[in-house]
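Biologist: I'm new to this one. Can you walk me through the ligand site and the pockets?
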Amino acid sequence: MSTCCYKDSSKPVEKRIKDLIGRMTVEEKLGQLNQIYRGSDNPLPAEFAIQVRNGEIGSFIWGYAQPELRNQMQRVAVEESRLGIPLIFGMDIIHGARTIFPIAPAMAGAFEPELLERAQAVAAKEARAQGLEWVFAPMCDLARDARWGRVAETCGEDPYLSALCNAAQVRGFQGDDPGSGEHLAACLKHYVGYSSPRGGRDYSDTEITEWTLRNAHLPSFHAAINAGALTVMSSFNAIGGIPAVSNRHTLTEILREEWKFKGFVVSDWNAVIEAVSWGYAKDHAEAARLAICAGNDMDMLSTSYYRTLAKQIEDGTVPMAVVDEAVRRVLRVKFQVGLFDRPYVDAAAYESAILRPEYLALARESVVKSTVLLKNEGVLPLSRKIRKIALIGPFGDDQTEMLGCWQGNGEPKDVVTLASGLKDKFGSKISLAVVKGCSVSTEPRMKMLQDGSTVIDDSVPMDNAEIMLKEAESAAKNADVVIMAVGEPKGITGEGGSRATLTLTGRQQELFDAVARCGRPVVTIVFSGRTLTLTEVFDKSAAVLFAWQPGIQAGNGLADLISGDAAPSARLSMSVPYEVGQVPLYYNHYVTGRRSGGVYRDGVPTAARFWFGYGLTYTKFEYSDIKIVSGKKGKPAEAVAAISNKGRRKGVETVQLYIRQLACNEGARPMQELRGFKRVALKPGESAEVRFPLTSEVLGYVDRKGKTRVDKGDFHVWIAHHARSGEPLVYSHK
Ligand code: NOJ
């Protein structure tokens, strides 16, 4: 064996890996597959250093920005362990590290994947500065059921938009070189099928056919793999009785054999041994064997690989080659992110690497581009004649709520609330009354005990609900216009945040009704991690802006829109139901043989209140001359339309292309599928022609063997404002 080839950076990486694996003991190999949670102890528990020195740990989930402590731990790995293999530090950096951006479904609604790319490039720089080489994002799941709290981490309900947005996030995180020190490894999650839980209950099992898996759930992962994603996280759910962590079909046949993925798969938190809870494996040892043999390389938290695999290798139940391959994949990523050559981070540079002015500007731009205008009876942008605004509602001046379901290292003190944004925007020109009106939850004094149960915390004084309501009413009566800031608290969104209702929480509806009765025009800003059923709010407000969870520049971005310094251009990445009983509700469902008449028997429409793709702006666009132009000289036919700005302000229209294959013998195709979009910026009176070539990518689907196919035959083609607008043209594909 050559002398320490793996330490020689002039040698090719695959040679270095081969050399290193040749030197490793079984325990050292299993150590590389063992990921441990850093916890919250400070100083770190002494046993961490011992385990790292022994080569028992390959990676930490590191929940804090502590570059010095992280370096200390890395020093033990690199300088005190036998082979000096560096640790890889990963963390959930989902919509920002310290500069917190709007959540993913909001960003996807910009219909500008580059925006996500730029935001995640910022997140990567800030995350690198704190000593991370790996983030557990992006989330490639679909938002098909608003009860499921994790829709707040998705790029919405549509596979095509989600694919583009997730590929863009991978590019943002990883750049051209994930080892450059400004970029890092992305992790696609949750692979796969996690987003169709029964009843919207997080972690529950799913039943997804191969057809739906291939055409709805997998495209986003596939696109992100093609964008170069270095790692994938297997999910908590079981599909058809097989836990995702032990699913050889998805982890090996599809991911490795079909898609040629070369990186590694990490399980979700403890998921390896949850195969025992599912009733799939009899004990931890069997769970570990099934997971590693299925293609799950790293074990997050359960330690079952480290505890049980050595014996199973020895008795021949787990082939050494399987373990070697998993180790090879993990080491390859460690090389790719540059850990072998630059294991430490410059801790002194951290403070100057975060919250830079250009990052804040991008966060503000993101709020502007991701807030959806759902209704406007002419009250927005606010008239210059307005002198008195009442900002009412629990989200108007709450810094913590703006951070959203994951907050990385974001801090409430970094947040510009709507109250501060409006003050800053209007200064002394307008008098602004800020009134909370009520709490976000029914019982704001709940506290959680260690066993997970909740009790009322009597040390917190009770809100005087009646007094708060009266204050709100008197502020409303005294104002020219009311801005209501309502929604759902971030604590009931994200992981475990399933809901059985989709309404405003606590006494917010009562507050809204009382304020609306005061007779002033109401502009409602909704803060939420999911779409909500807000019939009264939609009906009684003069304008509604859906702001999602907007991040630290919430107030500035929203004030830009409210004042008219910027115009809304975002669209819904998730359809909005009328009632919770409609969900799962998404635009790209199948067409049934029977008509329901469009209403449930209790009078609720079967359609969405607002469909995917919907969103208004401050001007009006008109679509005309929509046609199919046949392709010349072997070029594909094109769908073409003219878009004109008929209003008095400039604006951006997101023109959308939808298709439907009318007869597909492989399996029915959905009623509509988004297959293209273009953002068109037009001044008043201007027009532009938009062209969409009807290529194989636009018309095709994935068959049950994973092959992309395009059939000859008839298609409906729409060029439209949103999923249910416009009339289709018929295109015959020859
Ligand atoms: C569980 C979550 O499902 C996953 O999204 C996250 O990345 C891991 N925990 C690590 O925190």
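Modeller: Start with H190: one of its polar side-chain atoms lies 2.7 Å from an oxygen atom of the ligand. Keep in mind that this is a predicted model.

Biologist: How far from an oxygen atom of the ligand are the polar side-chain atoms of R150 and D268?
Modeller: For R150 the distance is 2.6 Å, and for D268 it is 2.6 Å as well. The protein covers 96% of the 300 Å² of accessible area that the ligand has on its own.

Biologist: Which residues are around the ligand?
Modeller: They are D92, F136, R150, K189, H190, M233, F236, D268, W269, M300 and E495. By class, that shell has 5 nonpolar, 1 polar and 5 charged residues.

Biologist: Pockets now. What volume does the largest pocket have?
Modeller: About 1200 Å³. It is lined by 50 residues, and P159, R214, N215, A216 and P219 are the closest to its centre.

Biologist: Which element gives the most to that lining?
Modeller: α8, with 11 residues. Other elements that give two or more residues include α7 (159–174) and β22 (673–682).

Biologist: And which domains does the lining of the largest pocket draw at least three residues from?
Modeller: Domain 1 (24–350) and domain 3 (621–733). By class, the lining has 23 nonpolar, 15 polar and 12 charged residues.

Biologist: What about the second largest pocket, how much space is in there?
Modeller: About 620 Å³. Of its 20 lining residues, H589, Y590, S596, T606 and M671 are the closest to the centre. The lining of this second largest pocket has 10 nonpolar, 6 polar and 4 charged residues.

Methods: Residues numbered from 1 in each chain as written. Predicted model: local features only at pLDDT ≥ 70, side-chain atom pairs only at ≥ 80, totals over all residues. Heavy atoms only, no water. Near = heavy atom within 4 Å. Polar contact = N/O pair within 3.5 Å; in protein donor to acceptor, adjacent residues only side chain to side chain. Areas by Shrake-Rupley, 256 points an atom, 1.4 Å probe, with all protein chains shown as cover. Nonpolar A, V, L, I, M, F, W, Y, C, P; charged D, E, K, R; others polar. 1 Å grid on protein atoms, 1.4 Å probe; cavity = no way out; pocket = protein on both sides within 12 Å on 5 of 7 lines; lining within 4 Å. Points joined across faces, edges and corners; volume = space filled by probe spheres on them. Helix = DSSP H or I, 4+ residues; strand = E, 2+ residues; numbered from the N terminus. Domains from an automatic or database assignment.
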